[in-house]
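Okay, thanks for making room for me today. Let me put the structure up, and then I'll talk through a few bits of it.

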Amino acid sequence: MRRLSLKVKLTLLYTILMMAVVCGVLALLFSLSSQELLTGVQARLEREVANAADDIGYEDGMLEFDSDIMDLEYGIYLSVYDSRGVMLYGRIPYDFDNSVPFEDGSIRRFQWGDTSYFVMDMYCRIEGYGMTVIRGVTSITEAESSFRITLHLALILLPLLVLLTALLGYFMTGRTLRPVKQITETVQKIRKDKDLSRRIHLGEGRDEIYRMAATFDELLEQVENSLKREQQFTSDVSHELRTPVAAMLLQCEDLLEQKELDEETREGLQLLWKKLRYLSQMISQLLELSRADQGRERLTREVLDFSEIAQMAAEAIQERAEEKKITVIWQIQPGIRMLGDETLLIRFWMNLLNNAVSYGKENGHIWIRLYTENGRICGSVKDDGIGIRREDLPRIWERFFQVDPSRTSQESSGLGLSMVRWIAGAHGGEILADSQLGIGTEFSFRFPLPADM
């Protein structure tokens with residue numbers, strides 16, 4: 001049941017409830033109708049026998065009978081007998097045993113073969129003639145047979161009723177849950193496009209679903225406003241910190257150029273300069289990401305030699321890799337050109353390669369690949385370092401998240417991969433990560449290849 005959709009579940013519930021109600025009502029009706037049928041047959045028999053007394057007369061020494069006695073009104077056979085039991089007029093069923101003794105005013109039930117009968121006798125005194133007996137006979141079996149036909153017809157129509165109820169229930173449930181489908185689709189689009197400006201906008205309505213949609217829209221409004229305030233705060237703080245940090249960085253550089261500094265002071269200044277440079281780079285990336293979130297970061301696109309950028313990045317990272325005895329191996333297809341922002345694409349490569357070095361192991365390797373395939377630019381950066389736990393993979397793109405802060409606190413701000421993912425998306429590309437703990441990590445990416453290149 002858990003795998004069924006809510007629409008199917010409600011349809012099944014609606015159908016089962018409707019069928020239970022219908023079957024219960026039909027069972028009650030047929031039960032009451034069976035009793036009512038017998039009661040009705042007895043009432044008609046009693047009425048017809050009583051009316052037959054008006055159809056008998058005596059004139060000129062002879063009994064006279066109205067022809068209505070011979071009619072089979074409601075399937076009731078009427079016959080008239082004298083006081084000795086001799087039939088004077090009327091008709092009886094062909095298989096009826098007419099030897100049944102007379103009994104005034106009572107309705108009796110008899111069974112002959114497969115047929116049941118109600119029999120009623122009424123003594124009637126005819127003026128000038130004397131006593132006569134009027135007998136009414138009607139078949140219960142025929143009446144019950146008609147009832148059974150109705151019952152069988154109902155049982156035949158019941159599956160059709162079940163099917164019709166299920167179809168109507170499915171249609172009605174679908175219409176009822178249509179707003180829920182719209183809510184679900186809107187949420188999915190928000191997740192996919194990361195666009196908090198979307199709203200459900202179901203319109204006016206007073207039921208629970210419409211109120212839920214309105215509440216959800218209000219929640220989205222609050223979340224969007226909170227996110228905008230956070231983005232604005234991040235942008236403002238990054239912008240305000242950028243200038244004093246840059247000034248301190250320049251001051252350190254000026255001081256380091258002085259030759260009269262003693263060795264201890266110089267080492268302290270060099271450490272401070274490294275820290276300020278790290279802080280400046282982090283602020284710069286944070287400011288760019290904040291502007292990207294607000295849609296204010298503009299790309300300066302031009303036709304670039306992407307292969308050359310990759311080659312430069314690979315050569316630039318070699319010195320840092322050699323410090324950890326990591327071998328950098330690259331296979332770069334020459335002459336791959338693309339339309340993009342040179343500064344951002346350089347940062348794209350450097351962030352990926354710095355990440356590979358940071359999480360690489362001594363005497364390890366870094367493999368760089370860049371090639372074209374099926375009209376797309378494809379590439380990857382792979383290492384045989386510490387790897388990433390499977391449950392941490394989705395989080396590596398989060399800002400300030402670090403797989404192993406103890407190893408990278410001095411080297412990484414936790415913004416590098418967030419920046420890489422944004423740069424890839426800004427250029428119409430995508431990047432994926434695959435990793436095994438203790439074995440290594442591979443980042444693979446794809447960019448569109450312009451048709452005229």
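I'll go through a sheet, a helix pair, an aromatic pair and a hairpin. Keep in mind that what you see is a predicted model.

So, the sheet. It's an open one, built from five strands in the order 4-3-7-6-5, and the pairing is antiparallel. Which strands sit at the edges? Those are strand 4, residues 87-90, and strand 5, residues 107-112, and each of them pairs on one side only. If you like angles: neighbouring strands here are turned against each other by 30 degrees on average, ignoring direction.

Let's zoom in on one edge. Strand 3, that's residues 76-82, pairs with strand 4 through three bridges, in the antiparallel sense. If you want a spot to click on, find S79, which stands opposite G90 in strand 4.

Okay, helices next. Take helix 6, residues 342-358, and helix 8, residues 416-426: their axes come within 9 Å and cross at roughly 140 degrees. Are the two roughly antiparallel or oblique? The cut-off for roughly antiparallel is over 145 degrees, and the crossing is at roughly 140, so helix 6 and helix 8 count as oblique to each other. The crossing of helix 6 past helix 8 is left-handed.

Who's touching whom? From helix 6 you've got L344, L345, R347, F348, N351, L352 and N355. Helix 8 brings G416, L417, M419, V420, W422, I423 and A424. Sort the residues of that contact by type and you get 10 nonpolar, three polar and one charged.

Now for the rings. Searching the whole structure turns up 12 aromatic pairs. I'll show you one of them, F306 with F447. As a reminder, a pair of aromatic rings is described by the distance of the centres and the angle of the planes. For F306 and F447 the centres are 5.7 Å apart and the planes are at 85 degrees, so we call this pair edge-to-face. Where do these two sit? F306 is in helix 5, residues 306-323, and F447 is in strand 14, residues 440-448, so the pair ties together parts 141 residues apart in sequence.

That brings me to strand 14 and its partner. Strand 13, residues 430-436, runs antiparallel to strand 14, and seven bridges join them. One bridge to look at puts S435 with T441 of strand 14. Together, strand 13 and strand 14 make a hairpin with three residues between them. Have a look at G438 in that turn: its phi is positive, about 85 degrees.

Right, that's my tour, over to you.

Terms used: Residues are numbered from 1 along each chain as its sequence is written. This is a predicted model: local features need pLDDT of at least 70, side-chain atom pairs count only at pLDDT 80 or more; totals for chains, interfaces and linings use all residues. Side-chain values use heavy atoms; hydrogens and water are left out. Two strands pair if DSSP finds at least two bridges between them. Helices (H or I, at least four residues) and strands (E, at least two) are DSSP runs, numbered from the N terminus. Axes are lines fitted to C-alpha atoms, for helices over the stretch in contact, and angles run from 0 to 180 degrees between N-to-C directions. Angles under 35 degrees count as roughly parallel, over 145 as roughly antiparallel, 65 to 115 as roughly perpendicular and the rest as oblique. A crossing is left-handed if the near helix is turned anticlockwise from the far one by less than a right angle, and right-handed if clockwise. Contact means heavy atoms within 4.5 Å. Ala, Val, Leu, Ile, Met, Phe, Trp, Tyr, Cys and Pro count as nonpolar, Asp, Glu, Lys and Arg as charged, and the others, Gly among them, as polar. Rings of Phe, Tyr and Trp (its six-membered ring) pair if their centres lie within 6.5 Å; planes under 30 degrees apart count as stacked, over 60 as edge-to-face and the rest as tilted.
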